[in-house]
Amino acid sequence: MRYQIALVGRRNVGKSSLLNAMTGQQIAIVSETRGTTTDAVAKPYELLPLGPVTLFDTAGIDDEGDLGALRVGATHKVLCRADMAMLVADEQGLGEHELALIEQMRSLALPFLVVFNKGDSGEPARADLALCQQQGLPHLCVSAATGSNISALKQRLYELAPEELKAEPVLAGDLYRRGDLVLCVVPIDLAAPKGRIILPQVQVLREALDRNAMAVVVKETELADALKRFTVPPRLVITDAQVIKFVDRVVPKSIPLTTFSSLFARFKGDLPPMVAGAERFDSLKEGDKVLIAEACSHNVQEDDIGRVKLPNWIRKYTGKSLQFDVVCGHDFPDNLEEYALVIHCGACMFNRTEMLRRVRECQRRGVPITNYGVAISKLQGVLPRVIAPLMANP
Ligand SMILES: Nc1nc2c(ncn2[C@@H]2O[C@H](COP(=O)(O)OP(=O)(O)OP(=O)(O)O)[C@@H](O)[C@H]2O)c(=O)[nH]1
Ligand SMILES: [Mg+2]
């Protein structure tokens, strides 16, 4: 849910100073030596009225040498998962590095603002202002040193934010009404995070409270008993996909049933491609390579969903021997074409933009992509039931 805003530009233009000026804190190291920032610095910040954001200070895009090239690569990775960016320039104005960045951000469909910093030591060059005007680039002159125009910069960022970031997103709230009963089935297995429940479940519960519905949470072992005790059937049952086969059998067909992961896929705007991608299970061939992509890092448990359970279900469903590769975190391989199918985790730790970029990248390269929850429902033969409640508004 945190929107990611990257500060990019050449070395020494004042990216770190700007991060400090925006947050009013000394977060990033500032110095007159070029190349001070080497690793990206992430600062969570409440950018009202937009909401929670993470500001990313990055290494200069003109860094040199072998190490410099690695830092530039890291900055590009930050851009690939950003929702918005600030292209910071100083009195040297817009040169080849800035123009290359503009090109790159356009190809990523990334909204950005050109920020001319160090306004206290001089105005931006006329030619640069003309270029911004000609190309319709939103721009602004600020000074991190004096704080001049920093509030205006925040306001401009808000204006620049895509409507989808400003809209109040709905997870399951359109599927029930005030006073309805919503039953959540949450298995607690070895892979459950210690002492808490996962983000999609937390968000569904919060949404039910906001909408004055009644949410009840049970493990699958208490499901049948809970259903018997209710005097009115639940308006909706939401389950973790891992126990969908069992829940599908226990919950009467008259009660709408879906999974947290399908809700999350819809929330992130990629349910239709994920459902389409799951069709690929029906045409996998002997020896095909399948990529399992996970957003968060964890130490692998014996019943690990991505490494153990899913491959087993897939082998059982297809009857084929397949090769499974796993990637974690923000790494996404360049050799996508080698894979017959990509199966992504629910990506609750990724923002919407990064997930959508991955989906688009797979589509562009002709590789079907689906996610854990949708895949499990497909492999267990319950996908039509699980997506039925969501199809009115996919
Ligand atoms: N006059 C003036 N100097 C500034 C301003 N902002 C930053 N500086 C100075 O510019 C120099 C570089 O600032 P940094 O914030 O470290 O720049 P950076 O872009 O993060 O640099 P790297 O981390 O090396 O890529 C420092 O000496 C700052 O004091 C400003 O608004 N006005
Ligand atoms: Mg810096």
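User: How many salt bridges does a search of the whole structure find?
Analyst: The model is a predicted one, and a salt bridge is taken here as a side-chain nitrogen of Lys or Arg within 4 Å of a carboxyl oxygen of Asp or Glu. With that criterion applied to the whole structure, the search returns a total of 22.

User: How many residues apart in sequence are the parts that Glu 98 and Arg 10 tie together?
Analyst: The side chains of Glu 98 and Arg 10 form a salt bridge, with N to O at 2.7 Å. Glu 98 belongs to helix 3 (residues 96–107), whereas Arg 10 sits in the loop between strand 1 (3–9) and helix 1, so the parts that this pair ties together are separated in sequence by 88 residues.

User: Is Glu 98 buried or exposed, and what is its relative accessible area?
Analyst: Buried residues are those under 20% relative accessible area. Arg 10, the salt-bridge partner of Glu 98, meets that limit at 9%. Glu 98 also counts as buried, because its relative accessible area is 1%.

User: About how many helical turns separate Arg 206 and Asp 210?
Analyst: Arg 206 and Asp 210 join their side chains in a salt bridge at 3.0 Å, N to O. Arg 206 is exposed, with a relative accessible area of 52%, while Asp 210 is partly exposed at 48%. Both residues lie in helix 7 and are 4 residues apart, so their separation is about one helical turn.

User: Which strands hold Lys 289 and Asp 325?
Analyst: Lys 289 and Asp 325 form a salt bridge in which the closest N and O atoms are 3.9 Å apart, a value within the 4 Å limit for such a pair. The pair ties together parts that are 36 residues apart in sequence, because Lys 289 lies in strand 11 (residues 289–294) and Asp 325 in strand 12 (residues 323–328).

User: Which residues are joined into one network by salt bridges that share partners?
Analyst: In this network, salt bridges are linked through the partners that they share. The residues joined in this way are Arg 11, Asp 62, Asp 63, Glu 64 and Arg 71.

User: Which residues coordinate the magnesium ion (ligand 2)?
Analyst: The coordinating atoms are an OG and an OG1, placed at 2.0 to 2.1 Å from the magnesium ion. One of the two residues lies in helix 1 (residues 15–23) and the other in the loop between helix 1 and strand 2 (41–47), so the pair ties together parts that are 21 residues apart in sequence. Both residues are buried, and they are Ser 16 and Thr 37.

User: What share of the area that ligand 1 exposes when taken alone does the protein bury?
Analyst: Ligand 1 is surrounded by 24 residues, and the closest of them include Lys 15, Ser 17 and Asp 120. Polar side-chain atoms of Ser 16 and Ser 143 lie 2.8 Å and 3.3 Å, respectively, from an oxygen atom of ligand 1, while a polar backbone atom of Gly 35 is 2.7 Å from an oxygen atom of the ligand. Taken alone, ligand 1 exposes 660 Å², and the share of this that the protein buries is 85%.

User: What is the approximate area of the nonpolar surface patch that includes Val 202?
Analyst: Val 202 lies in helix 7 (residues 199–210) and counts as partly exposed, because its relative accessibility is 38%. Together with Ile 188, Ile 197, Leu 199 and Met 349, Val 202 makes a nonpolar surface patch of about 410 Å².

Methods
Residues are numbered from 1 along each chain as its sequence is written. Chains are lettered from A and ligands numbered from 1 in the order in which they are written. This is a predicted model: local features need pLDDT of at least 70, side-chain atom pairs count only at pLDDT 80 or more; totals for chains, interfaces and linings use all residues. Side-chain values use heavy atoms; hydrogens and water are left out. Patches are made of residues with over 30% relative accessible area and no salt bridge: like charges are joined within 9 Å, nonpolar side chains (Val, Leu, Ile, Met, Phe, Trp, Tyr) within 5 Å. Accessible areas come from the Shrake-Rupley method with a 1.4 Å probe; for residues, only the protein chains shown count as cover. Buried means under 20% relative accessible area, exposed over 50%, partly exposed in between (1.4 Å probe, protein chains only). Donors are N, O and S atoms within 2.8 Å of the metal (3.2 Å for Na, K and Ca); water is not among the atoms, so sites may look incomplete. A residue is near a molecule or strand if one of its heavy atoms lies within 4 Å of it. A polar contact is a pair of N or O atoms within 3.5 Å; within protein, one must be able to donate a hydrogen and the other to accept it, and residues adjacent in sequence count only if both atoms are side-chain atoms.
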